[in-house]
There are 4 protein chains.
Amino acid sequence: MDPDARRAAILLAARAVFARKGYHKAGIADIVSEVGVARGTFYRYFESKRDVFQQILQSMMAEVVSVVVPIDVAGEIPPQVFANLDRLIRAITAEDVCRVLFSEALGIDEEADDALRAFYGQALGRIEAALQTGQGLGIVQGGDVRLKARCLLGLIKEPVVQASIDGADLDADQLVTEIHQLLQHGLLRV
Amino acid sequence: MDPDARRAAILLAARAVFARKGYHKAGIADIVSEVGVARGTFYRYFESKRDVFQQILQSMMAEVVSVVVPIDVAGEIPPQVFANLDRLIRAITAEDVCRVLFSEALGIDEEADDALRAFYGQALGRIEAALQTGQGLGIVQGGDVRLKARCLLGLIKEPVVQASIDGADLDADQLVTEIHQLLQHGLLRV
Amino acid sequence: MDPDARRAAILLAARAVFARKGYHKAGIADIVSEVGVARGTFYRYFESKRDVFQQILQSMMAEVVSVVVPIDVAGEIPPQVFANLDRLIRAITAEDVCRVLFSEALGIDEEADDALRAFYGQALGRIEAALQTGQGLGIVQGGDVRLKARCLLGLIKEPVVQASIDGADLDADQLVTEIHQLLQHGLLRV
Amino acid sequence: MDPDARRAAILLAARAVFARKGYHKAGIADIVSEVGVARGTFYRYFESKRDVFQQILQSMMAEVVSVVVPIDVAGEIPPQVFANLDRLIRAITAEDVCRVLFSEALGIDEEADDALRAFYGQALGRIEAALQTGQGLGIVQGGDVRLKARCLLGLIKEPVVQASIDGADLDADQLVTEIHQLLQHGLLRV
DNA sequence: CATGAATGAGCTTTCATTCAT
DNA sequence: TATGAATGAAAGCTCATTCAT
């Protein structure tokens, strides 16, 4: 088995184990028995339990970030926004991403916390910038973009997180539609 | 010191410790040294570390639930909604509530997970019911109330969680205003 | 059992175990099973395996140093020298002192190495000073006192170390006599 | 590369590594990376870490033993003694010999301990025999030759060991002179 | 009832050794 | 024959929990 494949296999197993048991209940024993290698093998590929976790975190964050593409203001904007939304929801709906990124990541250690802060900072920064541009174009409501960005993030994240907590499946299309409507008309009828 | 007071003191200390260090990094040693009692005393009042945590969780959930009062459909509705919103945000903005309830609670054990599921189930159930009533009264947009409820929860929760992650303060009034606007007009200008 | 006694018991057991098996082959398991306490108990009294070892080393060095008393130049010198010699040999003849101090101490870690260097530095410094005084008084041969001190140390140490290696007993009196003769007349007959 | 040369190269590297880091801190990884061969190759030439160490020990002991040549009683004795002394000191002054033979060798395992005991037994036996001969010739002081031999060994060994501990250089000539003087006249002036 | 020393299961990590390529 | 990835026993250490005082 070539090193890259093995490394990937361990990473995959670790992802599954962390998603299933959470960081603290997951033991190296769980991971290696899942891959079918010896304990020592794990340490040939990763420095420590924290190390694998960090790498999984990083790759998950990168995956999530990568699906959001900058909006081309020359083109039609709403379709681009909703395409992003759609991809984003599908990205974070993956069972393991959701559990690891949204429930387990915080509080492991300073390094992971920093990475997570950076991730949220980057994500929120992008959303804020987009909203600001939107305000300039007159297509986004006025007000504090900082808070708006956070609300928007929650709007997207929470249904996914709740579905994960419930162990229920999530209809991404329906969610996109619902969020779409919310963004355009709000929740209340005036 | 009478038992109830002592029990309360331990509970309070544990809350602070869990909020400060998180469930896993918090040790019984931290809690007892905070209260100034011996380790053994802790176990006279609580069965285990998980036990205190559960009780704290329960009381936090009760606090949060209690601030949301049913809406009197006979009276004017929007002010009641926003009063609820305001109280809710203030309730979950408390540093310890936010950290414990939203970051630490999930994944401790099955029992806590169940409690949390029940909490979210109850909270979302209430919101859903209110939205359904609203739809009947024609003051809430049509569509899936289940998803709407989850979005609404996220809308409220996320800015608070992010402020906690950033270690930043949150202007509750401003947040209420922002959410108010979002609920009424959405994020986009049509 | 009071803490001081328990601490002393663990220290004693550790001393015996280190002397018997050497630092590296000695496990915490050996030590605690020797005292009859649980693993955790060990760590209530000592921070780590290195920590006990360091403390044992320190106490052994202190024991050895303490038996050598400064020479009163006002009084008769040779008896004082030989009394020191006698006490010193008896001190380092103790089986565990010899093994731990002379065979195991070097190379555990930087801290222990420094402590040992300091110990030898102090011991040799004292001997050098005494020799220098002796040269001033005309009772010690001329020449490099630094080297003389080291030779003298070896003269004393080696027979003890060899006895320990052989597992043989050592007649301290006879050794003192022999060293006495060597110091006064050398090994060769002119 | 022919097997003998490779074997020699590994032996040399292992010597250097053991001298530099000590037996326990030295890893097979250190040795093989020093030679530039793979781990597996090491095990084609040596059975185990202990095995290389033993062989190094044996060769060091042989080197040291070889420099001491029997004294020809027909010829002039003192020059022969001092020539032996001189060669011996130079032999054990080699940094790696000193560290490996005098600090690391004891306590690795039973086999090494036996080898070391045999080495010291042989060395001391020779010295004793020489001293006995010397006593017969009337050029060595009377008394227990067993102890005398051990003292003599320490006299030689200790300055070398101390220099190694200090990381200082040793002037072999000066040491020979000093020991010479000590053997002839003792340390004290009568 | 309060105490806090004692407990020991269980964790992560290391590294000499093996063996398929 | 050389390789180096894989192995897994064994080590040190932690900490929630217990229980004699």
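**Note on the chain pairs and DNA strand F**

1. Between chain C and chain D, 28 residue pairs are in polar contact, counting pairs with both residues at pLDDT 80 or more. That threshold applies since this is a predicted model. On the chain C side, the elements that give two or more residues to the surface touching chain D are α1 (3-25), α6 (95-104), α7 (110-137), α8 (145-166) and α9 (172-185). The largest share of that side comes from α8(C), with 15 residues. By residue type, the side of chain C that touches chain D divides into 23 nonpolar, 14 polar and 14 charged residues.

2. The extent of this interface can be given in residues and in area. Contact involves 51 residues of chain C and 51 residues of chain D. Chain C and chain D bury about 4900 Å² between them, and carbon and sulfur atoms give 59% of that area. The rule finds eight salt bridges across the interface of chain C and chain D. One of them joins D:Glu158 to C:Lys157, with the closest N and O atoms 3.0 Å apart.

3. How is chain B placed relative to chain A? Chain B superposes on chain A after a rotation of 178° with 0.2 Å of shift along the axis, at an RMSD of 0.3 Å. This is the relation of a two-fold axis. Within chain B, the C-alpha nearest the axis belongs to B:Gly186, at 1.7 Å from it. Both copies use the same surface, as 98% of the contact residues of chain B recur in chain A.

4. In the interface of chain B and chain A, 51 residues of chain B are in contact with 50 residues of chain A. The area buried between the two chains is about 4900 Å², 59% of it on carbon and sulfur atoms. On the chain B side, B:Gln141, B:Leu187 and B:Arg189 lose the most area to chain A, and together they make up 14% of what that side buries.

5. The polar part of the same interface can also be listed. Eight salt bridges are found by the rule between chain B and chain A. Among them, B:Glu178 pairs with A:Lys148, the closest N and O atoms being 2.4 Å apart. There are 27 residue pairs in polar contact across this interface, both residues at pLDDT 80 or more. In chain B, α6 (95-104), α7 (110-137), α8 (145-166) and α9 (172-185) each supply at least two residues of the side that touches chain A. Of these, α8(B) gives the most, with 15 residues. The side of chain B that touches chain A holds 23 nonpolar, 14 polar and 14 charged residues.

6. Two further chain pairs were checked for contact. Chain A and chain D do not touch, and their nearest C-alpha atoms are 14 Å apart. Chain B and chain D are not joined by any contact either, and their closest C-alpha atoms lie 33 Å apart.

7. DNA strand F is surrounded by 32 residues, the closest being A:Arg6, A:Thr41, A:Arg44, A:Tyr45 and C:Arg39. In each of chains A, B, C and D, α3 (39-45) supplies at least two residues of the surface near the strand. That surface divides into 12 nonpolar, 10 polar and 10 charged residues.

8. Which parts of DNA strand F lie within 4 Å of the protein? Of those atoms, 59% belong to sugar or phosphate and the rest to bases. A polar side-chain atom of A:Tyr45 is 2.5 Å from a phosphate oxygen of DNA strand F. A polar backbone atom of B:Lys49 lies 2.9 Å from a phosphate oxygen of the strand, and a backbone N or O atom of C:Ile28 lies 3.2 Å from one.

Key: Residues are numbered from 1 along each chain as its sequence is written. Chains are lettered from A and ligands numbered from 1 in the order in which they are written. This is a predicted model: local features need pLDDT of at least 70, side-chain atom pairs count only at pLDDT 80 or more; totals for chains, interfaces and linings use all residues. Side-chain values use heavy atoms; hydrogens and water are left out. Copies are superposed by least squares on the C-alpha atoms of residues with pLDDT of at least 70 in both. Contact means heavy atoms within 4.5 Å. Buried area is the accessible area (1.4 Å probe) that two parts lose on being put together, summed over both. A salt bridge is a side-chain nitrogen of Lys or Arg within 4 Å of a carboxyl oxygen of Asp or Glu. A polar contact is a pair of N or O atoms within 3.5 Å; within protein, one must be able to donate a hydrogen and the other to accept it, and residues adjacent in sequence count only if both atoms are side-chain atoms. Helices (H or I, at least four residues) and strands (E, at least two) are DSSP runs, numbered from the N terminus. Ala, Val, Leu, Ile, Met, Phe, Trp, Tyr, Cys and Pro count as nonpolar, Asp, Glu, Lys and Arg as charged, and the others, Gly among them, as polar. A residue is near a molecule or strand if one of its heavy atoms lies within 4 Å of it.
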